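Biologist: I would like to learn how to read a model like this one, feature by feature. Where shall we begin?

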Amino acid sequence: MAEKDYSKLASIIIENVGGKENIAGLIHCITRLRFTLRNEDLAKDEVLKETDGIIDVIHAAGQYQVVIGNAVTKVFDAVMEELEDELKENDQSVQRSEAQNQFVKLFGNLIGFVTGAMSPVIGVIAASGITKGMLALLTLPQLGALLDAKGTTYATISAIADSAFYFLPILVGIGAAKRLGGDVIVAAVIGGVLAYPTLVEWGRSFKGMFSIGALDFQFLNYSYSIFPMILAAWMAKKLGDWLKDRLPDCLQTIFNPLITVFVVSVTTLVVTGPVIQGLANGIAAFVNWAVSMSGWAGGLIIGGFYQVLVIFGLHWGVVPLVSQQIVSTGESPLNAIISDTMVAQGAAVLAVALKSRKEDTKALGVAAAISAFCGVTEPAIYGINLRFRRVFIAGLIGSAAGGLVTGLMHGTMYGFTGGLIGFSSFFNPEDPSQLTSFCAFLISSMVSIAVAFAITWVWGYNDDMQMGEKIEKKKRPGAHVAEA
């Protein structure tokens with residue numbers, strides 16, 4: 001079967017976001033093209049919304065987001081083919097006016113930066129999480145211990161599953177460098193320093209570096225870490241650019257990367273890494289504690305409102321937090337509740353697909369439900385659920401009910417992947433026979449599905465309802481103000 005040509009769609013998108021000259025930057029996540037535009041008022045939202053291949057258009061997190069769905073990477077590649085020369089001239093040139101709301105701008109830029117650094121590695125992290133969960137499942141005595149936890153087969157598969165996490169600083173460094181327009185190889189080398197086996201072992205034992213008076217500096221383990229490497233990539237970009245303006249051309253090739261790698265690596269190991277890792281671990285531990293202690297209340301509130309963040313693209317700000325929780329504690333009760341929200345939105349759109357007699361609605365609903373059950377809810381939300389507002393509300397009620405159950409049972413996840421496809425992440429790798437969280441997953445998922453499906457079927461949808469216009473999101477403050 002011939003590969004679909006996305007060049008026409010790419011041209012339509014470029015034209016209707018204001019043309020090449022209006023585009024200052026472009027990244028993508030799992031389902032969205034995320035543009036940084038010089039003037040969002042030049043974009044033609046309604047034209048894009050009515051274009052085949054585009055699910056919705058959103059103004060959020062300081063970005064102009066075009067929701068594509070599962071084909072986002074192919075559309076991104078097609079757009080980039082047309083934009084390559086333009087973006088090279090403008091790469092990361094977005095500088096905000098001092099007269100604008102700096103807090104909102106900073107927040108938007110931060111979300112965009114984190115998104116750009118994390119979105120390229122989400123797929124491999126999710127795949128690795130599923131593999132780790134399946135590995136734990138295959139060692140269960142209840143299933144006949146199909147794999148020996150001390151055997152070579154187990155060790156080999158475990159290495160495959162752990163690789164993305166063990167070398168996460170390198171992967172995040174590459175993603176962050178691409179987002180910043182920095183040197184990808186330099187960022188990868190700095191990430192390699194953080195993941196270097198000897199330093200990892202020293203970090204696990206908190207081996208001392210040196211002391212200044214009563215202040216002791218120790219090595220830390222940065223495997224599985226995110227935030228220290230994101231800052232390191234930013235420092236590498238700034239220092240590399242500074243050196244480009246000051247070193248003679250004959251010294252650039254060797255001494256620019258030499259100085260950048262050395263200075264940023266040492267700064268990260270001695271100063272910024274310990275500070276950021278300490279703060280991140282503290283925040284992650286606090287959230288885990290708060291969710292665990294609040295039980296039903298935390299599950300009900302987070303379950304009921306998490307997918308609202310997805311509407312604005314702000315859920316990407318939660319992704320590093322979940323990862324940090326797993327790094328620091330080995331588990332994430334927060335992610336267990338988030339998983340319920342994916343299942344509930346999938347059940348709501350599935351109810352529409354089964355109840356409707358409209359072929360196009362059925363087809364879109366079934367595809368969106370499968371996507372949501374696999375952990376990606378945007379096709380369901382923007383394709384159907386938000387456009388029939390009651391369906392989205394039914395999904396929120398279902399996920400609140402599921403979160404309530406997860407909170408009551410103190411369910412947690414030991415991996416990254418949510419939705420039904422992430423079932424293996426609910427098995428504890430350290431003790432696969434401990435099934436509390438897996439039972440919580442089964443019960444909460446059934447509750448989420450039953451509640452969301454039933455409410456949608458009875459109240460949320462019928463074929464006589466008129467599909468509403470795609471939801472127009474509020475622009476971020478200052479979006480209409482001319483850039484400096």
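Biologist: Take Thr-406. Is Thr-406 buried or exposed?

Modeller: One caution first: this is a predicted model. Burial is read from relative accessible area, and under 20% counts as buried. Thr-406 has 3% relative accessibility, so it is buried. The residue lies in helix α16, residues 389–408.

Biologist: Which residues does Thr-406 touch, leaving out those up to four places away in sequence?

Modeller: Ala-336, Ile-337, Asp-340, Gly-411 and Ser-444.

Biologist: Now Arg-387. Where is Arg-387 placed?

Modeller: In the loop between α15 (378–385) and α16. Its relative accessible area is 17%, so Arg-387 also counts as buried. Look along the chain too. Arg-387 and Gln-466 are 79 residues apart in sequence, yet their C-alpha atoms are 9.0 Å apart in space.

Biologist: Let me try a buried polar side chain. What does the side chain of Asn-22 pair with?

Modeller: Start with the setting. Asn-22 sits in the loop between α1 (7–16) and β1 (23–28). At 4% relative accessibility, Asn-22 is buried. Then look for N or O atoms within 3.5 Å. A polar atom of the Asn-22 side chain lies 2.8 Å from the backbone oxygen of Val-17.

Biologist: And the wider surroundings of Asn-22?

Modeller: Beyond four places in sequence, Asn-22 touches Val-17, Thr-36, Leu-37, Arg-38, Asn-39 and Leu-42. Phe-35 is 13 residues away along the chain, with 9.8 Å between the two C-alpha atoms of Asn-22 and Phe-35.

Biologist: Gln-252 next. Which backbone atom lies 3.3 Å from a polar atom of the Gln-252 side chain?

Modeller: The backbone oxygen of Lys-244. Gln-252 belongs to helix α10, residues 249–294. With a relative accessible area of 16%, Gln-252 is buried. Its contacts, again skipping residues up to four places away, are Leu-243, Lys-244, Leu-247 and Pro-257.

Biologist: Glu-82 is a charged residue. How should I read its exposure?

Modeller: There is a class between buried and exposed. Glu-82 has 27% relative accessibility, so it counts as partly exposed. Glu-82 lies in helix α3, residues 72–90.

Biologist: Which side chain does Glu-82 make a polar contact with?

Modeller: That of Ser-11, at 2.7 Å. Ser-11 is one of the residues Glu-82 touches outside its sequence neighbourhood of four places; Ser-7, Ala-10, Ile-14 and Lys-20 are the others. Ala-10 and Glu-82 are 72 residues apart in sequence and 8.0 Å apart, C-alpha to C-alpha.

Biologist: How do I read the packing of two helices? At what angle do α5 and α6 pack?

Modeller: Compare their axes. Helix α5 (residues 152–166) and helix α6 (residues 168–180) pack at about 50°, with axes 5 Å apart. That angle makes α5 oblique to α6.

Biologist: Which residues make that contact?

Modeller: From α5, Ala-164, Phe-165 and Tyr-166; from α6, Leu-168, Pro-169 and Leu-171. By class, the contact of α5 with α6 has 6 nonpolar residues, no polar and no charged.

Biologist: What about backbone angles? Which value does phi of Phe-206 take?

Modeller: A positive one, near 55°, and Phe-206 is not glycine. Phe-206 lies in the loop between α8 (197–204) and β5 (208–212). At 47% relative accessibility, Phe-206 is partly exposed. Phi of His-410 is also positive, near 55°, in a residue other than glycine. His-410 is in the loop between α16 and α17 (436–460). His-410 has 47% relative accessibility and so counts as partly exposed.

Biologist: And a glycine case?

Modeller: Gly-330, just after α12, has a positive phi of about 85°. In α12 itself, residues 319–329, the buried residues are Val-319, Pro-320, Val-322, Ser-323, Gln-324, Gln-325 and Ile-326.

Biologist: Last topic, cysteines. How many disulfides are there?

Modeller: A disulfide is a covalent bond between the sulfur atoms of two cysteines. The test is sulfur atoms within 2.5 Å. By that rule the count is 0. As for exposure, Cys-29 is buried, with a relative accessible area of 2%. Cys-250, at 70% relative accessibility, is exposed.

Technical notes: Residues numbered from 1 in each chain as written. Predicted model: local features only at pLDDT ≥ 70, side-chain atom pairs only at ≥ 80, totals over all residues. Heavy atoms only, no water. Axes fitted to C-alpha atoms, helices over the stretch in contact; angles between N-to-C directions. Helix = DSSP H or I, 4+ residues; strand = E, 2+ residues; numbered from the N terminus. Parallel < 35°, antiparallel > 145°, perpendicular 65-115°, else oblique. Contact = heavy atoms within 4.5 Å. Buried < 20%, exposed > 50% of the residue type's maximum accessible area, 1.4 Å probe, protein only. Polar contact = N/O pair within 3.5 Å; in protein donor to acceptor, adjacent residues only side chain to side chain.
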